[in-house]
Amino acid sequence: MSPELTVFLMFVSLLAGIFLGFPTAFVLGGVSVLFGGSLMGADIYGLFIARLFGLMKNYTLLAVPLFLFMGVFMEKSGMAERLFNAMHLLWGRMRGGLGISTIAISAVFAAATGVVGASEITIGLMALPIMLEKKYNKSMACGSICAGGTLGILIPPSVMIIVYGPIANISVGKLFLGTLVPGLLLTLLYMLYIGIRCYLNPQDGPPIPLAESQVTLKEKMMIMLTSVIPPGLIIFSVLGSIFFGIAAVTEAAAVGAFASILLAAGYGRLNMGVIREACTQTMSITCMIMMIAIGATFFSTVFVTLGGDEVITRLFLNLPMGKWGILAAIMLLLVLCGMFIDWMGILFIIVPLITPIAAELGFDPIWFAVLVMVNLQISFLTPPFAYSIFYLKGITPPEVQTTDIYRGVMPFVGLQVLTIFLCVLIPEIITWLPSHFIN
């Protein structure tokens, strides 16, 4: 069988299994065994075992459960509730202030949890009822929560970054630095959009009554000391220790996990029930990630051994559109894949194929990797499989329709695309920090 036909049949089988609803990890593993066993014989199983042990010995991936544990404890500590109350008081008098507060809290919570589902559901349960009560535009309120939630996979420390690094053989610390400015840029663009929209159309985001925002200076200082500074110090200590070379990613994750326990204790939320739930959630998500990683490792082993990577590389490099046209084709491919496959599947299936292509085209590896990760945020907001929309729909009251959420996320998708263009036009948005802080 020719490599071209092999590539076609492997991808058709993969997509068919995923569309039929089978778990991604088992589809990857099943396709690998089917094609590897039939075309390569028993030798493939020795390669599987070698790659499996290599995956198990990857020290960087140990940071995944540690950051997940940190995120769950930060969530259970009541940090998001305290932050929202603080922002509600400080910015509520602005037009669109509650929407802007939602984005700001999402950015902080993104740095604390590193995953989308936990931050979006937690913030949505607090912010959406208040925004609806204050007569905010339903679509804009839903869009701000969905878009803010997607920051969880971009702003470091993010689980996606930790997984991406070993796949592309790139320093996770450099990826943390590379994603920081684009993540903050997206946050700023979201906030500007809400502020400008509500300034032009005050009915979309009316300010809260003056009586609700009147607090003394002493109360404001207490809010800052108890709600904003503690989680900020934890996030800064974790990222700062990585950025300044004090600790590796895994050690910093361990420090963050321990600090999150102290924060929960300080807020009076530490008990055996919270510890048990944190351990259970961490184990569940870690097992899902590792199962997909194992299946994807087997898939890539068979795919590369049968020459599939060379077929894909030739296909893209022979496109008659130059290096920037090829980059645009890759970005479009990621958007289309994101409409049907979750980001984890894209990470393990597509990234190993496009990374060598980017190297052949002479793109900076950090710049290209961060560009891909900014792109993958779009997958959370584009139907039919828009996970961010599904997360929010699960907690919305009956008066909020799915169409309201779809209309609300579209402007934020446009802002995500704009951020990609800005990162292409001004590469220093991504490359400046990694080039100046980590050698």
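Student: How should one read the packing of helix α4 against helix α14, and at roughly what angle do their axes cross?

Tutor: Two packed helices are described by the angle between their axes and the distance between the axes. Here, the axes of α4 (residues 63-76) and α14 (residues 272-305) come within 9 Å and cross at roughly 140°. Axes are lines fitted to C-alpha atoms, for helices over the stretch in contact, with angles from 0 to 180 degrees between N-to-C directions. Helices (H or I, at least four residues) and strands (E, at least two) are DSSP runs numbered from the N terminus. This is a predicted model, in which local features need pLDDT of at least 70 and side-chain atom pairs count only at pLDDT 80 or more, whereas totals for chains, interfaces and linings use all residues. Residues are numbered from 1 along each chain as its sequence is written, and side-chain values use heavy atoms, with hydrogens and water left out.

Student: How are α4 and α14 classed by orientation, and what is the handedness of their crossing?

Tutor: Angles under 35 degrees count as roughly parallel, over 145 as roughly antiparallel, 65 to 115 as roughly perpendicular and the rest as oblique. The α4 and α14 pair is therefore oblique. A crossing is left-handed if the near helix is turned anticlockwise from the far one by less than a right angle, and right-handed if clockwise; that of α4 and α14 is right-handed.

Student: Which residues of α4 and α14 meet?

Tutor: Contact means heavy atoms within 4.5 Å. The α4 side includes V64, L68, F69 and K76, and the α14 side includes V274, E277, I285 and I289. By class, this contact has twelve nonpolar, three polar and three charged residues. Ala, Val, Leu, Ile, Met, Phe, Trp, Tyr, Cys and Pro count as nonpolar, Asp, Glu, Lys and Arg as charged, and the others, Gly among them, as polar.

Student: What does the same reading give for α16 and α19?

Tutor: The axes of α16 (residues 322-338) and α19 (residues 365-378) come within 9 Å and cross at roughly 35°, and this crossing is right-handed. Among the residues in contact are W324, L327 and M331 of α16, together with W367, F368 and N375 of α19. By class, the contact has eleven nonpolar, one polar and no charged residues.

Student: How many salt bridges does a search of the whole structure find?

Tutor: A salt bridge is a side-chain nitrogen of Lys or Arg within 4 Å of a carboxyl oxygen of Asp or Glu. The search finds four. One of them joins R314 and E4, at 3.1 Å from N to O. R314 lies in α15 (residues 308-317) and E4 in α1 (residues 3-19), 310 residues apart.

Student: Are R314 and E4 buried, partly exposed or exposed?

Tutor: Buried means under 20% relative accessible area, exposed over 50%, and partly exposed in between (1.4 Å probe, protein chains only). R314 is partly exposed because its value is 40%, and E4, at 42%, is likewise partly exposed.

Student: Which helices hold the partners D404 and K138?

Tutor: D404 and K138 form a salt bridge at 3.7 Å, N to O. D404 lies in α21 (residues 402-425) and K138 in α8, so the pair ties together parts 266 residues apart in sequence. D404 is buried at 6%, whereas K138 is partly exposed at 31%.

Student: Which residues in contact with A147 lie beyond its neighbours within four places in sequence?

Tutor: They are Y190, L381 and F412. A147 belongs to α8 (residues 138-150) and counts as buried because its relative accessibility is 0%. A147 and P411 are 264 residues apart in sequence, yet 9.6 Å apart in space, C-alpha to C-alpha.
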